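Please open the structure in your viewer and set the display to cartoon, with side chains ready to be switched on as the tour proceeds. Each stop names a selection and then says what is to be found there.

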Amino acid sequence: MTALLEVDRIDVAIGALRLLDGVSLAVERGQILGLVGESGSGKSLTALAALGLLPLIGGRVTAGAVRFDGQDMGAMTDRQRRALRGRRIGFVTQNPMTALDPVQRIGAQIDVVSRLHLGLSPAQARARTLELMTQLRIPEAAAVAEAWPHQLSGGMKQRIVIAMALAGDPDLIIADEPTTALDVTVQAQIIQILGALVRDRGVALLLITHDMGVVAQICDRVAVLYAGRLAEEGPVAQIFAAPSHPYTSALIGCIPQEGMARGTLRGIPGTVPGAAAFPSGCRFHPRCPRASDLCRTVVPPLTGTGPRVACHHPGGPA
Amino acid sequence: MSAPAPLRALRRPLGAVAGLWLALVLLAAVFAPLLTPYAYDVQSLPDAYQPPSSAHWLGTDEFGRDLLTRLIYGARTSLSVSATAIAISVFCGMVLGAAAAWFGGWLDRAVTVVVDLTWSFPEILIALILVAIIGPGTLGTMIAISVAYLAQFTRLTRAQILTLKGETFIEAARSLGAGNAQILFGHLLPNALAPVLVGAMLATGDAIILEATLGFFGLGAQPPVPSWGGMMSAGSALVFKAPWVILFPGLTVAITVVAINLYGDALIAALDIRAKLRTGP
């Protein structure tokens, strides 16, 4: 089975800055791919590339291709890409607080998506909206549909944003850090809802996050992005059991564990380098405990058949 | 659900008093022919210079015309000219401002330069220049006032749209397949509307003063059509002989403008514009 969304070795640049370098991903129906990495590693750029929205921020794909259901998105017209967004690809934005139009009622904002993409009448669209809201466990859906965005809590707004993403009956949902702006308890609910969607509807989900805990909880596969390059990619179970890339093991080391002694939670020293000054060779080498001279000069290729890893010295926990 | 903002503004005491006065003036202007016992343009020299009395509640002017009648008909002129001018100004300003913010580039620079240039002159100066070009009269006054306030609404709309363009809900709408027209007319302009409408409300007050000023200079509505400014102009020669001729139109202008401002303030509070623009936690 070919993947629904296939990101094939894409380079993305804004002006002269090359921000993504040969990133490849594949998401299949009924599967959740977690895309992780620190801020500035290119997660959101990958999402925008998959939506064909890079021009919004002045970016472009300079090499490689994004294929949706076998079709090259780069070869499509603007109109074709627009018809895809909302209809076959749903997008859940990062911050639900500002993702809703403050002067439109909740229901109308969901209605518009199915009216636009499915050609429903206003009454049919509203019926569909209420059905979606009920499925997302929004109490008193009819009353909430008449409310204004400022009257809802953050968790409720995020459910509305998810309902908007689902209204066009998409095959793929891209969620860009859907829980970052929410309370921890609400985070768990939203993650649960997203997981249930994939199981019940068989949609594909690209879940962008920087929380390895969330990945361990619901993802099937995980792709670790560092400074615009893929560090490691593979099935969650295998990668969490035996991370090969030192960056992956460092990220896993950042998850608080039960019974951890005080002061043993590890961070990763240093910060993600800026795109204007990416280090030579392996971009992780300045922060890597295993760095050798080889790492400083030669870019490690992505190798392996199960989990793929880009490291000269792959191995167990560092 | 709560009542619409224009009604909620009436719940504030000052807003209620101001709203009452404005409603009174508006109704009087609309139903002028039914309310007035005299004709506004029929002269009756024996009745000239009459002080307020039971026959002429506000007295008569130098031609013996009933002042109350002329004041009510003057409300028609003053209000319709000011309101129409501001409506034109708001419409053109929103189109210009939205286009500048939306398309950016040379269009934005051109609009900004021209608008900032007119912004740097007082409104009265721009209006005077324009009336001088177009010629005095109701139409000339209307055009002059609308151009004088154009800069204000263009700037306001442009700033609003520029801020809103970067909002997440615009990105969200785009990511769900919304086109340019839907983003601009469905999301950006409705969000920019509330502050612009309040601005329009307050500008209408200023426009009434501007209209009266032009009328006072003899550049507004031409006799015998009454306008508040024109009546004050006529009365200015009679301040000592018949002070009511200038007093009542002057008072009407002052009270109406204050009422518009008070109601506008109540409207701002009722709309809670700042809270509405920010929907954060």
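The tour below goes through a predicted model, one selection after another.

Begin with residues 32-36 of chain A, which form strand β3. Five of the five residues in this strand are buried, so β3(A) is largely enclosed by the rest of the structure. With the side chains switched on, both faces of the strand can be seen to be covered: Ile32(A), Gly34(A) and Val36(A) lie on one side and are buried, as are Leu33(A) and Leu35(A) on the other.

Next, keep β3(A) in view and add residues 204-208 of chain A, strand β8, which pairs with β3(A) in the parallel sense over four bridges; within this pairing, Leu206(A) in β8(A) is the bridge partner of Leu33(A). Then add residues 221-226 of chain A, strand β9, which runs parallel to β3(A) and is joined to it by four bridges, with Val224(A) in β9(A) standing opposite Val36(A).

Now move to the second region, an open sheet of four strands in chain A with antiparallel pairing and the order β2-β1-β4-β5. Its edge strands are β2 (17-27) and β5 (71-72) of chain A, each of which pairs on one side only. Selecting residues 59-68 of chain A shows strand β4, which is paired with β5(A) in the antiparallel sense over two bridges, and here Phe68(A) stands opposite Gln71(A) in β5(A).

Finally, select residues 43-51 of chain A, helix α1, which packs on this sheet and touches β1 (5-14), β2 and β4 of chain A. The direction of the helix makes about 115° with that of β1(A).

Definitions and conventions. Residues are numbered from 1 along each chain as its sequence is written. Chains are lettered from A and ligands numbered from 1 in the order in which they are written. This is a predicted model: local features need pLDDT of at least 70, side-chain atom pairs count only at pLDDT 80 or more; totals for chains, interfaces and linings use all residues. A residue is buried if 20 or more other C-beta atoms lie within 10 Å of its own, exposed if 12 or fewer, and partly exposed in between; C-beta atoms are placed from the backbone. Two strands pair if DSSP finds at least two bridges between them. Two residues are in contact if their C-beta atoms, placed from the backbone, lie within 7 Å. Axes are lines fitted to C-alpha atoms, for helices over the stretch in contact, and angles run from 0 to 180 degrees between N-to-C directions.
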